[in-house]
Amino acid sequence: MNPDQLTSFAFYQKKKNILLYRAEDDSRRYVLKSIITKDEAVRQAFYDEYESLRGLSSPSLPVYYGLWEEFTYPDREGAYLTLCMEDCGHLPSLESLKPDRQELLRILLKTGEVLSWLMDRGILYTDLNPSNILIRGQGRDLGITLLDFTFCYYFMRNPRPSYPLRFSYRLDPSLKGNQLLIQELALLLQERMEQEEDPDESSPLFFLLETGLHPSDTLYLKDYLLLLEKFLDQ
């Protein structure tokens, strides 16, 4: 798309090296993510993200519309390397919801399916926190959309990135890709279960949790998702 088509801008967040704006044109709403550092490693992270995701089409990912080398904002001096993405902010995040256990397992299963789909395409998603998981629908119609792919591991495009990967949880660095994603899902499950007032430690769900927290070398993500499905069928 042409950045000149944007008609309104609203600043909404500043991170360590990044500015985030919302913008609109006559037909869509966008999120603009801009670098405010000259660090070449951070710039490379933006290139890896855009080149890896722009050709993928899924309701579980925001659409990537462009990467602009010298984008300017009307309320800010300077020109910035800027990603332009679909604004999915109308969807609630897992962080803002309190699903029951059945719905939580459904969310974990749908999230794991997206993680598996991404890994098959050379992307190891490492920033799995509740604020980055957006919820579409509920029950059997439930779907999820993931946000914030900057500093994920694009191992097909860049197997040895110069930038540090961003992890939401303290994962075991010795784990391989499948096991890393399993542990990531289990840590998300553990975080949500710890918020319960009276967790039932005799529940079979704790077996699922312990299996995911300490995945064996032979346990693959798709196998772990089958375990999740069995709990949903009970």
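Here are a few worked exercises on the structure above.

The model is predicted, so local features need pLDDT of at least 70 and side-chain atom pairs count only at pLDDT 80 or more, while totals for chains, interfaces and linings use all residues. Residues are numbered from 1 along each chain as its sequence is written, and side-chain values use heavy atoms, with hydrogens and water left out.

**Exercise 1.** Work out the strand order of the five-stranded open sheet, and say which strands stand at its edges.

*Solution.* Start with the terms: strands (E, at least two residues) and helices (H or I, at least four) are DSSP runs numbered from the N terminus, and two strands pair if DSSP finds at least two bridges between them.
- Step 1: the order reads E1-E2-E3-E5-E4, with antiparallel pairing.
- Step 2: E1 (8-14) and E4 (64-71) each have a single partner strand, so one side of each lacks a neighbour in the sheet.
- Step 3: from one strand to the next, the twist averages 25°. Axes here are lines fitted to C-alpha atoms (for helices, over the stretch in contact), and angles run from 0 to 180 degrees between N-to-C directions.
- Step 4: look at how E4 is held. Five bridges tie E4 to E5 (residues 80-86), and Gly66 has Cys84 in E5 as its bridge partner.
- Step 5: add helix H1 (residues 40-53), which packs on the sheet and touches E2, E3, E4 and E5, its direction making about 150° with that of E4. Contact means heavy atoms within 4.5 Å.

**Exercise 2.** Are the residues on the two faces of strand E7 buried or exposed?

*Solution.* Buried means under 20% relative accessible area, exposed over 50%, and partly exposed in between (1.4 Å probe, protein chains only).
- Step 1: in a regular strand, side chains alternate between the two faces of the sheet.
- Step 2: in E7 (residues 143-146), Gly143 and Thr145 lie on one side, Ile144 and Leu146 on the other, and all are buried.
- Step 3: E7 runs antiparallel to E6 (residues 133-136), joined by four bridges, and Ile135 sits opposite Ile144.

**Exercise 3.** Why does neither Cys88 nor Cys152 form a disulfide?

*Solution.* A disulfide is a pair of cysteine sulfur atoms within 2.5 Å.
- Step 1: searching the whole structure turns up zero disulfides.
- Step 2: for Cys88, the closest cysteine sulfur is in Cys84, 12 Å away and too far for a bond.
- Step 3: for Cys152, the closest is in Cys88, at 15 Å, again too far for a bond.
- Step 4: as for surroundings, Cys88 is buried at 6% relative accessibility, and Cys152 is buried at 0%.
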